[in-house]
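Here is a set of questions and answers for a reader who meets this structure for the first time. Please keep the sequence and the 3D view at hand while reading.

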Protein chains: 2
Amino acid sequence: MAWSPEHKQQSRERILKAASRLFAARGFEQTGIDQVMAAADMTRGAFYSHFKSKAELYTEAMTWAGIRRFRYALGADSADQPTVDSAPPSLNRLVETYLSEEHISGQHGGCPMAFLVTDIAQRDEPVRSCYTRLLKGMLGKMSEVAQVDRPQVLQNMVMMIGGVAIARAVNDPELQQELLNACKTGIQDNL
Amino acid sequence: MAWSPEHKQQSRERILKAASRLFAARGFEQTGIDQVMAAADMTRGAFYSHFKSKAELYTEAMTWAGIRRFRYALGADSADQPTVDSAPPSLNRLVETYLSEEHISGQHGGCPMAFLVTDIAQRDEPVRSCYTRLLKGMLGKMSEVAQVDRPQVLQNMVMMIGGVAIARAVNDPELQQELLNACKTGIQDNL
DNA sequence: GTCTATAGGTGGATAGAC
DNA sequence: GTCTATCCACCTATAGAC
């Protein structure tokens, strides 16, 4: 009852989903393969028929979650809130979604580029290459939706990623909100 | 030959110095007490007469390194480079020093607020309180040296801390430089 | 492909001698 | 205060049954 190729693909998806959530919450070192597999309703032994190592899982999960979150936040869906100012609707939605309390809470996972920045800086080249690729992808998308200079796009990305990362480290809810708001207006002023 | 109070203080300093460098490079989990003590020319057994746990060492080292780096980067010394634009000299120096290749290389340690952001978000309340305190201290200093609105000070801090953190995660030297430069000009434009 | 069991290694924290 | 020796918990990766 478990041999079809579709079943393997489903297992893989469950592992990736569990992994990206756990990695975002606890980082690389504090996330065990046991925990990931348990969250995916399997046991440790099954892991190695899907991924060859924990590091490979890390990069795969990073890409999987990064692309998915971005696709969601850019909003291919219909229900757009009313446009503010002169910014294109999709960018507004992206910034609001990204720099939100819900995102930094990590309840539904979180963007690996923000949740794992320093975690990734400590890993080896393949992991950092993966992060670089993801960031360049984000850079491309951001350049499409907002017609500004490249340095300003970079500033906006730093305020999004950095804003979320710092807000998550901070303990004080008021300062968290202040940080998120400051980054939102900082980006708006760049448009 | 090892019992004077000054000697204990010196040992403690050696431990803190080694710890902040190692924590910055490898993070909390991947830094062992063995390694810290070896770098401080002692063995593991001696550690617990200075700190009660690894977590306590982490907060002490974070504060120690954060304050020291900031004091250095704000530059209480005499050799200031010529002033650019209208910004106060000390802020220029701070930004140039902070958003430099030398800093992100981590050769001489690095600012724990940038090198350990997501590491800290994964730890418990005492650690996050320590980070929050440090950030508020930095916020105060930044408000003194640059006369701008609080949201803009926050944006500048995010571009400094976030810029360094992201540049460190990225693999591509050109993109690293682009990020650092974009953050520098972003801050200049805020003054 | 998934399971149980285990190998093999690491590292935080403590005990006790000096 | 610093050392050596040890306890104990945890975790990656593999072996082998089903």
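**Questions on a predicted model**

Q: Leaving aside its neighbours within four places in sequence, which residues is Leu91(B) in contact with?
A: In this predicted model, the place of Leu91(B) is in helix α5 of chain B, which covers residues 89-98. Once neighbours within four places in sequence are left aside, the contacts of Leu91(B) are Val145(B) and Ala146(B).

Q: Is Leu91(B) buried or exposed?
A: A residue is buried if 20 or more other C-beta atoms lie within 10 Å of its own, and exposed if 12 or fewer do. Leu91(B) has 20 C-beta neighbours inside 10 Å, and therefore it counts as buried.

Q: What distance separates the C-alpha atoms of Leu91(B) and Pro173(B)?
A: Along the chain, Leu91(B) and Pro173(B) are 82 residues apart. In space, their C-alpha atoms are separated by 26 Å.

Q: How are the two copies, chain A and chain B, related?
A: Chain B can be laid on chain A with an RMSD of 0.1 Å, by a turn of 180° and a shift of 0.0 Å along the axis. The two copies are therefore related as by a two-fold rotation axis.

Q: Which residue of chain B comes closest to the rotation axis?
A: The distance in question is taken at the C-alpha atom, and its value is 2.0 Å. The residue of chain B that comes closest to the axis is Gly162(B).

Q: What percentage of the contact residues of chain B recur in chain A?
A: The contact takes 40 residues from chain B and 40 residues from chain A. The same surface serves both copies, and the share of the contact residues of chain B that recur in chain A is 100%.

Q: Which element gives the most to the side of chain B that touches chain A?
A: On that side of chain B, at least two residues each come from α8 (117-121), α9 (125-145), α10 (150-169) and α11 (173-188). By class, the residues there divide into 20 nonpolar, 12 polar and 8 charged. The element that gives the most, with 12 residues, is α10(B).

Q: Which residues touch the most other members of the largest nonpolar core?
A: In soluble globular proteins, nonpolar side chains tend to be buried together. The largest nonpolar core here has 114 residues. Not counting residues up to four places away in sequence, Val117(B) touches Val117(A), Thr118(A), Ala165(A), Ile166(A), Ala169(A), Ile161(B) and Ala165(B). The members of the core that touch the most others are Val117(A) and Val117(B).

Q: How many of the 20 residues of α9(A) are buried?
A: Helix α9 of chain A, residues 150-169, reaches 28 Å from its first C-alpha to its last, close to the 28 Å expected at 1.5 Å a residue. This helix is largely enclosed by the rest of the structure, because the number of its residues that are buried is 18.

Q: What covers the buried residues of α1(B)?
A: The 22 residues of α1(B) should span 32 Å at 1.5 Å a residue, and its end C-alpha atoms are 31 Å apart, which agrees. Buried residues of this helix include Ile15(B), Leu16(B), Phe23(B) and Ala24(B). The covering elements include, from chain B, α2, α4 (54-74) and α7 (112-115).

Q: Which residues come nearest to DNA strand D?
A: Two or more residues each come to the surface near DNA strand D from α2 (33-39) of chain A and from α1 (5-26) and α3 (44-47) of chain B. By class, this surface has 6 nonpolar, 8 polar and 5 charged residues. Of the 19 residues around the strand, those that come nearest are Gly32(A), Ser11(B), Met42(B), Gly45(B) and Ala46(B).

Q: Which element gives the largest share of the surface near DNA strand C?
A: Of the 19 residues around DNA strand C, Ser11(A), Met42(A), Gly45(A), Ala46(A) and Ile33(B) come nearest. The largest share of the surface near this strand is 3 residues, and the element that gives it is α1(A).

Q: What is the phi of Asp41(B)?
A: Most residues other than glycine have a negative phi. Asp41(B) lies in the loop between α2 and α3 of chain B, and with 11 C-beta neighbours inside 10 Å it counts as exposed. Its phi is positive although the residue is other than glycine, with a value near 65°.

Notes. Residues are numbered from 1 along each chain as its sequence is written. Chains are lettered from A and ligands numbered from 1 in the order in which they are written. This is a predicted model: local features need pLDDT of at least 70, side-chain atom pairs count only at pLDDT 80 or more; totals for chains, interfaces and linings use all residues. A residue is near a molecule or strand if its C-beta atom, placed from the backbone, lies within 6 Å of it. Helices (H or I, at least four residues) and strands (E, at least two) are DSSP runs, numbered from the N terminus. Ala, Val, Leu, Ile, Met, Phe, Trp, Tyr, Cys and Pro count as nonpolar, Asp, Glu, Lys and Arg as charged, and the others, Gly among them, as polar. Copies are superposed by least squares on the C-alpha atoms of residues with pLDDT of at least 70 in both. Two residues are in contact if their C-beta atoms, placed from the backbone, lie within 7 Å. A nonpolar core is a set of buried Ala, Val, Leu, Ile, Met, Phe, Trp, Tyr and Cys residues joined through C-beta atoms within 7 Å. The expected span of a helix is 1.5 Å times one less than its number of residues.
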